[in-house]
Amino acid sequence: MSSQRRSSEAPRGFTIVGGGLGGALMAITLGRDGYDVDLYERRGDPRSGKVDAGRSINLAISVRGIEALRGVGLAEEVLKRAVAMRGRMIHGVSGDVVYQPYGVHPDQAINSVSRKDLNVTLIEAARAMPNVRVHFDHKCVGVDLETGRARFHRGTDGESVETAPGVVIGSDGAFSAVRAAMQRLDRFDYSQSYLAHGYKELSIPPGADGRHRIERNALHIWPRKSFMMIALPNIDGSFTCTLFWAHEGENSAAAVRTDDEVRRFFDRVFPDAVPLMPTLTEDFRNNPNPSLVTIRCRPWHYRDKVVLLGDAAHAVVPFYGQGANCAFEDCPALRDCLRGSPKDLGVAFAEYERRRKRHADALADLAIGNFLEMRDKTGSRVFLMKKKGEKLLHRLLGDAYLPLYSMVSFSTIAYADAVERARRQNRRLGAAAAAVVLLLIVLLLAAA
Ligand SMILES: Cc1cc2nc3c(=O)[nH]c(=O)nc-3n(C[C@H](O)[C@H](O)[C@H](O)COP(=O)(O)OP(=O)(O)OC[C@H]3O[C@@H](n4cnc5c(N)ncnc54)[C@H](O)[C@@H]3O)c2cc1C
């Protein structure tokens, strides 16, 4: 049933726990390298149609994610069912709308895709491989780190299932059962930090003609300082809106509960969205208000037996739209390390962690920073001017000046390197500006 480990030889197979985005892509990636893969997923088959309430319905996939998908031949298939978002559409309280292109080039876009469709595409590709087996309705309840055996409860009949000794990849998300086993180890570092904000998913259905009722190729933002709503387009003409707001306090989930309160709140803060949202109060009642968490841990592996990937290793808040992209990037990174050290997985896993950990940490910080930027600053004139200035500098200086957002969303420059490069650029700009001011002062003094 599961992966077998032959001592002093390369392992023949892997047990992957979690068939979400990262786990499914990893299964394909390893399958293509000839390994036997058993992928275990707690939920039922995503093709059955049921979508978990409380998980984002759609997400933005950018260059990094696309490159990882391209590596397994799936990029075009995913992009066929994506809506390109080429900029932010900012909605003011008075109904004014301002468009800010994301990139310098019109073809630079992030892509709104359905989480379920993406997952189904990956699962189908995995299942099509003769050496990959997918087991739905298997909830991991423990891992023996010394032997690499994983234990599951089978949802269909409640049966306990245990894999043979092997190698386990934990891609079971932010509240990973695989990581939970590692958390009991001596000197395992772990931190989780919740935002004061949660999120509520709402929707804008298609217009009577079946088309999008607001600009299709944009990510819409209603920034309101301490909270904000965003809307991502779907291919069926609808938008999925997400209201990010505090759990408690003014303008929060605790303060706005009844249908009347919801209507009054929306009329006051998102008046232009209200006519577009006929199911507002119903969506509000039906959808949960999940929390947002950042998780960091170290090490990401236990000897040559267990390794973590995606949110299980590094969950980030969603404001840079990069969590899934980062999980996707983990897959070719882990594959490359396995190729580099196929017979000593301890070395391969340590190298994978060395390559990825600091970038995941950098993304965690970027994601929190972008929350503040999206909700507090995107509506301000200064922000607009700053973005225009960044683009102008890029036009003038070419690759010598790349805006941080472009490096993160439109390149595969590793996250921490992008942050460092942005700092260097800003230092140089600061120095150049200081030199110009100094020169002006000298010229003025000379002329006086
Ligand atoms: C509101 C919101 C919006 C987001 N938007 C974006 C975005 O626009 N762009 C982006 O790149 N990222 C986005 N993300 C982040 C993205 O969803 C995650 O980073 C990504 O899903 C991580 O993939 P993963 O495979 O590591 O984890 P998951 O996708 O969470 O998959 C984990 C899988 O493991 C399964 N599982 C869990 N426990 C067990 C168990 N005990 N046994 C067996 N299986 C188990 C789960 O059912 C699930 O299928 C968003 C997240 C949120 C919350």
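1. A polar contact here is a pair of N or O atoms within 3.5 Å. With that cut-off in hand, the ligand site is a friendly place to start, bearing in mind that this is a predicted model. A backbone N or O atom of Gly22 lies 2.8 Å from an oxygen atom of the ligand, so the pair falls within the 3.5 Å limit.

2. Two further backbone approaches to the ligand are worth a look. Leu21 places a backbone N or O atom 3.4 Å from a ligand oxygen. For Gly20, a backbone N or O atom is likewise found 3.4 Å from an oxygen atom of the ligand. Around the ligand as a whole there are 32 residues, and the closest are Glu41, Arg43, Ala60, Arg115 and Cys140.

3. Now for the overall layout. The domain assignment splits the protein into three pieces: domain 1 is built from 13–83, 110–192 and 294–370, domain 2 covers 193–291, and domain 3 runs over 382–447. Taken over C-alpha atoms, the centres of domain 1 and domain 3 are 37 Å apart. Their contact draws 15 residues from domain 1 and 14 residues from domain 3.

4. How much area do domain 1 and domain 3 bury between them? The figure is about 1300 Å², with 62% of it on carbon and sulfur atoms. If you want to know where to look on the domain 1 side, try Arg64, Tyr320 and His359: together they supply 43% of the area that domain 1 buries against domain 3, more than any other three residues.

5. On the polar side of this interface, seven residue pairs are in polar contact between domain 1 and domain 3, counting pairs with both residues at pLDDT 80 or more. The salt bridge count between these two domains is one. Asp417 and Arg358 are joined by a salt bridge between their side chains, at 3.0 Å from N to O.

6. Which elements give two or more residues to the side of domain 1 that touches domain 3? They are helix 2 (63–71), helix 9 (323–340) and helix 10 (345–377). Helix 10 provides the largest share, five residues. By residue class, this side of domain 1 divides into seven nonpolar, four polar and four charged.

7. Across the structure there are 29 salt bridges. One pairs the side chains of Arg133 and Asp38, again at 3.0 Å from N to O. This pair links distant parts of the chain, with Arg133 in strand 8 (residues 132–135) and Asp38 in strand 2 (residues 36–40), 95 residues apart.

8. Finally, two backbone details you may like to check in your viewer. Most residues other than glycine have a negative phi, and most peptide bonds are trans. Arg298 and Pro299, however, are joined by a cis peptide bond with omega at about -5°; Pro299 sits in the loop between strand 17 (291–298) and strand 18 (301–302). Lys225 has a positive phi, near 65°, and its place is in the loop between strand 14 (219–223) and strand 15 (228–233).

Key:
Residues are numbered from 1 along each chain as its sequence is written. This is a predicted model: local features need pLDDT of at least 70, side-chain atom pairs count only at pLDDT 80 or more; totals for chains, interfaces and linings use all residues. Side-chain values use heavy atoms; hydrogens and water are left out. Domain bounds come from an automatic or database domain assignment. Contact means heavy atoms within 4.5 Å. Buried area is the accessible area (1.4 Å probe) that two parts lose on being put together, summed over both. A salt bridge is a side-chain nitrogen of Lys or Arg within 4 Å of a carboxyl oxygen of Asp or Glu. A polar contact is a pair of N or O atoms within 3.5 Å; within protein, one must be able to donate a hydrogen and the other to accept it, and residues adjacent in sequence count only if both atoms are side-chain atoms. Helices (H or I, at least four residues) and strands (E, at least two) are DSSP runs, numbered from the N terminus. Ala, Val, Leu, Ile, Met, Phe, Trp, Tyr, Cys and Pro count as nonpolar, Asp, Glu, Lys and Arg as charged, and the others, Gly among them, as polar. A residue is near a molecule or strand if one of its heavy atoms lies within 4 Å of it.
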